[in-house]
Amino acid sequence: MNEIARLLVLVMIMSACLPDPLEVEEVPLPEAQVVIGSQLIPDQFIAISLSKNFTALEAGPDSDLEALIADLLVPEVDMSIAVEGKDYAMQELASGIYGVNELPQEPGTKYTLSFVNPINLDSTIAETVALPGIRFSSLNPELHFTEFDSLLRVQFSIDDPPGPNWYMVNTQSVGTSIDISRRPYTQLYTDEGADGETIEDQFTVLFRDFTEEDTVLISLANISEEYFEFLELRENQAFLLLDGLGEPVNYSTNVSNGLGFFNVHIPDIRIFLPDDL
């Protein structure tokens, strides 16, 4: 799908999801907050989005989608991640999207994200610990085309280690630019009822407009229970261009002086070229 068609689709989604302006008076708006979101970008070990929170009272069907997103994203913030007493500066990869690659990538490592919150000028801090990586035991994607759509069918298996585990499988086509409106297709799994066994499943990725020239990235990550619960709530939201956008939900957060969730994982990333599909 070309960029104009994609924008039209997003506008239709926006129109369907944004409510009519509410005729109410003296309703207190929630406190303005920054929202941290973990992003999957192939060449970055850690990538996050930084935006502002959003309420249903702030926009209507006539809202300009591009202007809304531009207003929500928070650019030009100096942020860093501390690991084992050393600070690593993050680079702004696109407006409101920050990444860093020169970091230790070991299980059990604690990562501390910090920056001056541009909304209230206080410090925003978030901490997370990387869990041990888990690899696919088998992975078989197949791309199919119908008269109306393209379907990516993914079959996989995981050899689950003993103990409770929570998994995130992400699927996305890989382009040359960062497009946060194209969030990866995410499947979540637990080993409940299958502890220490082989987990096998298959799923179909719909409505992503794959082409025969697409390169597809599929990743598996071992994540915390808290992040798993956060993702479950987020995936139930209808409008997900940015973390923090959607119907009011009491999301869990590990951010001090902000919202969202800062997460670091050590994924098993598999890249499939067109001939592999």
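This note comments on the cores, salt bridges, buried polar side chains, backbone angles and surface of a predicted model.

1. The largest core. The largest nonpolar core of the model has 25 residues. Ile46, Ile81, Tyr111 and Phe262 are those with the most contacts inside this core. Five strands give two or more residues to it: E1 (34-38), E2 (46-52), E3 (79-83), E6 (97-100) and E7 (110-116). A student may wish to begin by displaying these strands together with the four named residues.

2. The surroundings of Ile81. Which residues does Ile81 contact, once its neighbours within four places in sequence are left aside? The contacts include Ile46, Tyr111 and Phe262, which are also named among the residues with the most contacts inside the core. Ile81 is further in contact with Val100, Leu103, Leu113, Met90, Tyr88 and Thr112. The list is completed by Lys86 and Asp87.

3. A second core. A separate core of 20 residues is also present. Among its members are Ile134, Phe156, Ala194 and Phe210. One of these, Ile134, returns in the next point, as a contact of Asn222.

4. Asn222, a buried polar residue. Asn222 is placed in strand E14, which covers residues 216-223. Is this residue buried or exposed? Its relative accessible area is 8%, and it is therefore classed as buried, the limit for that class being under 20%. The side chain of Asn222 reaches the backbone oxygen of Pro132 at 3.1 Å. Beyond residues up to four places away in sequence, Asn222 touches Leu131, Pro132 and Ile134, as well as Asn165, Trp166, Tyr167 and His265.

5. Asn165, a contact of Asn222. Asn165 belongs to the loop between strand E10 (150-159) and strand E11 (166-173). With a relative accessible area of 9%, Asn165 is buried. A polar atom of its side chain lies 2.9 Å from the backbone oxygen of Gly163. Setting aside neighbours within four places in sequence, Asn165 is in contact with Asp160, Tyr189, Thr190, Asp191 and Asn222. The contact with Asn222 thus appears in the description of each of these two residues.

6. Salt bridges: the pair Lys52 and Asp71. Side chains of opposite charge can pair when their charged atoms come close. How many salt bridges does a search of the whole structure find? The search finds 3. In one of them, Lys52 is joined to Asp71, with the closest N and O atoms 3.6 Å apart. Because Lys52 lies in strand E2 and Asp71 in helix H2, this pair ties together parts that are 19 residues apart in sequence. Both residues count as partly exposed: Lys52 has a relative accessibility of 27%, and Asp71 has one of 48%.

7. Salt bridges: the network at Asp268. Arg135 and Asp268 meet through their side chains in a salt bridge, at 3.5 Å from N to O. This pair links distant parts of the chain, 133 residues apart. Arg135 is in the loop between strand E8 (123-129) and strand E9 (136-145), whereas Asp268 is in strand E17. Asp268 also forms a salt bridge with Arg270, where the closest N and O atoms are 3.0 Å apart. Arg135, Asp268 and Arg270 are accordingly linked in a network. The three residues fall into separate accessibility classes: Asp268 is buried at 3%, Arg270 is partly exposed at 23%, and Arg135 is exposed at 58%.

8. The surface at strand E17. Ile269, Ile271 and Leu273 make a nonpolar surface patch of about 270 Å². Ile271 is placed in strand E17, residues 268-272. Asp268, a member of the salt-bridge network, is in this strand as well.

9. Positive phi angles. Two residues other than glycine deserve a reader's attention for their backbone angles. Glu76 has a phi near 55° and lies in the loop between helix H2 (65-72) and strand E3. With a relative accessible area of 72%, Glu76 is exposed. Asn257 has a positive phi of about 65°. Its place is in the loop between strand E15 (255-256) and strand E16 (259-260). Asn257 counts as partly exposed, at 22% relative accessibility.

Methods
Residues are numbered from 1 along each chain as its sequence is written. This is a predicted model: local features need pLDDT of at least 70, side-chain atom pairs count only at pLDDT 80 or more; totals for chains, interfaces and linings use all residues. Side-chain values use heavy atoms; hydrogens and water are left out. Patches are made of residues with over 30% relative accessible area and no salt bridge: like charges are joined within 9 Å, nonpolar side chains (Val, Leu, Ile, Met, Phe, Trp, Tyr) within 5 Å. Accessible areas come from the Shrake-Rupley method with a 1.4 Å probe; for residues, only the protein chains shown count as cover. A salt bridge is a side-chain nitrogen of Lys or Arg within 4 Å of a carboxyl oxygen of Asp or Glu. Helices (H or I, at least four residues) and strands (E, at least two) are DSSP runs, numbered from the N terminus. A nonpolar core is a set of buried Ala, Val, Leu, Ile, Met, Phe, Trp, Tyr and Cys residues joined through side-chain atoms within 4.5 Å. Buried means under 20% relative accessible area, exposed over 50%, partly exposed in between (1.4 Å probe, protein chains only). Contact means heavy atoms within 4.5 Å. A polar contact is a pair of N or O atoms within 3.5 Å; within protein, one must be able to donate a hydrogen and the other to accept it, and residues adjacent in sequence count only if both atoms are side-chain atoms.
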